[in-house]
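This report introduces a protein model to a reader who has not met it before. It takes up charged pairs, the interior and some details of the backbone in turn.

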Amino acid sequence: MERPLLRSPDMRTRLLGPPGYILLVSLFLTMACSSGLNAQEPTPNPLGQPLLDSTGEIRDDAFLRVPLRAEDRPYSDLEGAHLKELLLEVDRISLEDRDRGNLFWGRNVGTWGHEATQEWVERHFRDHGLVDVHREPFNLDPQWRLLSFDIEFVAGGRPFTLESARPPQGATSTPQGGLELELVWIGLGSEADYIGRDVTGKAVLILDIPRPGTLRHSIATEGSVARAFARGAAAVGIVYGISDNFAVWQRTGDGPGFNLGYEDGLRLREMLGRGERIVVNLEIEAEMVPDLEAASVWGTLPGATDEEILIIAHIDGYFQAASDNASGMAVMIGLLEHFAAIPQSERPRTLRFLGSVGHHGGPGTRQLSDDPESRLANTVLAINLEHVAVTRTKYWGARLRKMNAVSPMRWWVWGSSDLLDVTLESLSRFNVGVTGDMEPGASGEMSRMARLVPSIQLITSPEIKHTEQDTPEWVPAVGLEQVARAYARIIDQVNRLDRRSLQPATSTSVQGAGDAQQ
């Protein structure tokens, strides 16, 4: 028999009153639990997880793909699975650098990993018939080398460690015996967070919110680290992100500190919130190593003329650095293979490939921007391949859920409206999504030279950038495929335009400056 009075929330509240309503709800929940409704997890769906592989990652063949148009068949050789294998070759270099015992591992300048990456690039250049293959060496500033570290926490007399705990990049050695500091939570580390707080001589724990990536985040925009030390803190602990447990090595300026992932940081916050006293013990041994060298690798694929299109991908990287920048390197080699298969007489312009030393600890492409009249004299277009593909994500509670789609890119075009049209049409044809607004400038390896010649950059900076979680699982094969095909078509279409028609309307480029003088 239907009970209409109890079907309406308003009627239930009026009938029972707030106390009676709460009692009724409590009684229902108690009955549900006792009858087993909430006593166990839901029955597994017999369909399982159809988009995931055995490791729980999204299968590469589960990503959204746009069919190749008939007129774009010439780009079918730029195939995602092959590009992903190139990325995995680079990834294996990083893993070997780690396995050799390098604590701050990956493909950082001045390390075995970077040297091996130079060799990898040079080998691919030579195997595909490039000419004038050579390395351009650079003297490096003293480089940080981590020799050992121990980050331990103690609460109630019980010591424990946290999986994501890492020292900050550039940290100096702690005194003999290390540091023993009381830990306090200070929120985002803003001025408001310090009202009524004395952190003198303590280690402060600050939440760092990505905006996005590790270079655009709240501790940087708020000046949180410098403020903590100015307030008398003896060390700064950075809790990175608002999800997962990413391991990062963010700097803490000139003072000591450590990094934690979000899950580990939340654990400490909850303990502190219960009134538990936590002490952190820091022991770090590091040194600055002078007189090191690293090199960029050059190779040239001659065309019918000496006008050049310059294709850049930086070769350094923190940890596995799959998106930053094994993805760009894989696409660079893919483009090399594609255009090397075309007879020289059918390549209107020369293609120059640059495996750039990198900007994390090296000079990037400074040698080009410092001497553009000489080094960029024949360059009609520069393309920077940097963080070119990553899986799209969605925040879901305290974790990032991966989508079966490629993340949209930030983008930059410097040149004529014809160059802009060619770029946007090519991106659209191959399903490369971009932000609605164009970046005000290029970044990374192209930042200094972006307005010296016509230039293009697609880049994305996900939350995993510069973390130990920047692994190949985050780079979908289809993302590499579609951006490689888009760039290949851009190059072909640009080769139909003369140099002057690629210049911006008001040009500060090398050729534009020469035209103005003429």
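## The pair R135 and E122

R135 is partly exposed in this predicted model, its relative accessible area being 28%. The side chain of R135 meets that of E122 in a salt bridge, with 2.7 Å from N to O. R135 belongs to strand β1 (residues 131–139) and E122 to helix α4 (residues 112–127), so this pair ties together parts that lie 13 residues apart in sequence. E122 is itself buried, with a relative accessible area of 16%.

## Other salt bridges

Across the whole structure, a search finds 23 salt bridges. One of them joins E96 and R100, whose closest N and O atoms are 3.4 Å apart. In this pair E96 is partly exposed at a relative accessible area of 37%, while R100 counts as exposed at 52% relative accessibility. A further salt bridge is formed by the side chains of R98 and D99, at 3.1 Å from N to O. R98 counts as partly exposed, with 36% relative accessibility, and D99 is exposed, with a relative accessible area of 57%.

Salt bridges can also be linked to one another. E71, D72, E425, R429 and R489 are connected in such a network. Two members of this network, D72 and R429, appear again in the section on cavities.

## Enclosed space

Rolling a probe the size of a water molecule over the atoms shows where empty space is left. In this model the count comes to three cavities of 30 Å³ or more. The largest cavity has a volume of about 110 Å³.

Which residues line the largest cavity? The lining consists of R65, V66, P67, L68, R69, D72, R429, F430, V478, E481, Q482 and R485. By character, these lining residues divide into six charged, five nonpolar and one polar. Helix α12 (residues 477–494) makes the greatest contribution to the lining, giving four residues.

## Nonpolar cores

In soluble globular proteins, nonpolar side chains tend to be buried together. Here the largest nonpolar core has 60 residues, and those that touch the most other members are F125, I309, M332, L335, F353, L385 and Y487. Helix α8 (residues 322–340) gives the most to this core, with 10 residues. Apart from this core lies another, of 24 residues, including I151, A155, A235 and M271.

L335 gives a view of the contacts within this part of the structure. When residues up to four places away in sequence are not counted, L335 touches L78, I311, F353, L385, A484, Y487 and A488. Among these contacts, F353, L385 and Y487 are also named with L335 as residues of the largest core that touch the most other members.

## Surroundings of F153

F153 is found in strand β2 (residues 143–155). Is F153 buried or exposed? At 0% relative accessibility, F153 counts as buried, since the cut-off for a buried residue is under 20% relative accessible area.

The neighbours of F153 include a residue from a distant part of the sequence: F153 and V280 are 127 residues apart along the chain, yet their C-alpha atoms are 4.5 Å apart in space. With neighbours within four places in sequence left aside, F153 is in contact with R158, P159, F160, L162, L183, F258, L260, L268, I278, V279 and V280.

## Backbone details

Two residues have a positive phi although neither is a glycine. For D244, phi is near 60 degrees. D244 is located in the loop between β6 (235–240) and β7 (257–261), and is buried, with a relative accessible area of 18%. For H387, phi is about 50 degrees. H387 lies in the loop between β12 (379–385) and β13 (391–396), where H387 counts as buried at 4% relative accessibility.

Another backbone detail concerns a peptide bond. D324 and N325 are joined by a cis peptide bond, with omega about 15 degrees. N325 has its place in helix α8, the helix that gives the most residues to the largest nonpolar core.

Technical notes. Residues numbered from 1 in each chain as written. Predicted model: local features only at pLDDT ≥ 70, side-chain atom pairs only at ≥ 80, totals over all residues. Heavy atoms only, no water. Salt bridge = Lys/Arg side-chain N within 4 Å of Asp/Glu carboxyl O. Buried < 20%, exposed > 50% of the residue type's maximum accessible area, 1.4 Å probe, protein only. Helix = DSSP H or I, 4+ residues; strand = E, 2+ residues; numbered from the N terminus. 1 Å grid on protein atoms, 1.4 Å probe; cavity = no way out; pocket = protein on both sides within 12 Å on 5 of 7 lines; lining within 4 Å. Points joined across faces, edges and corners; volume = space filled by probe spheres on them. Nonpolar A, V, L, I, M, F, W, Y, C, P; charged D, E, K, R; others polar. Core = buried A, V, L, I, M, F, W, Y, C linked by side-chain atoms within 4.5 Å. Contact = heavy atoms within 4.5 Å.
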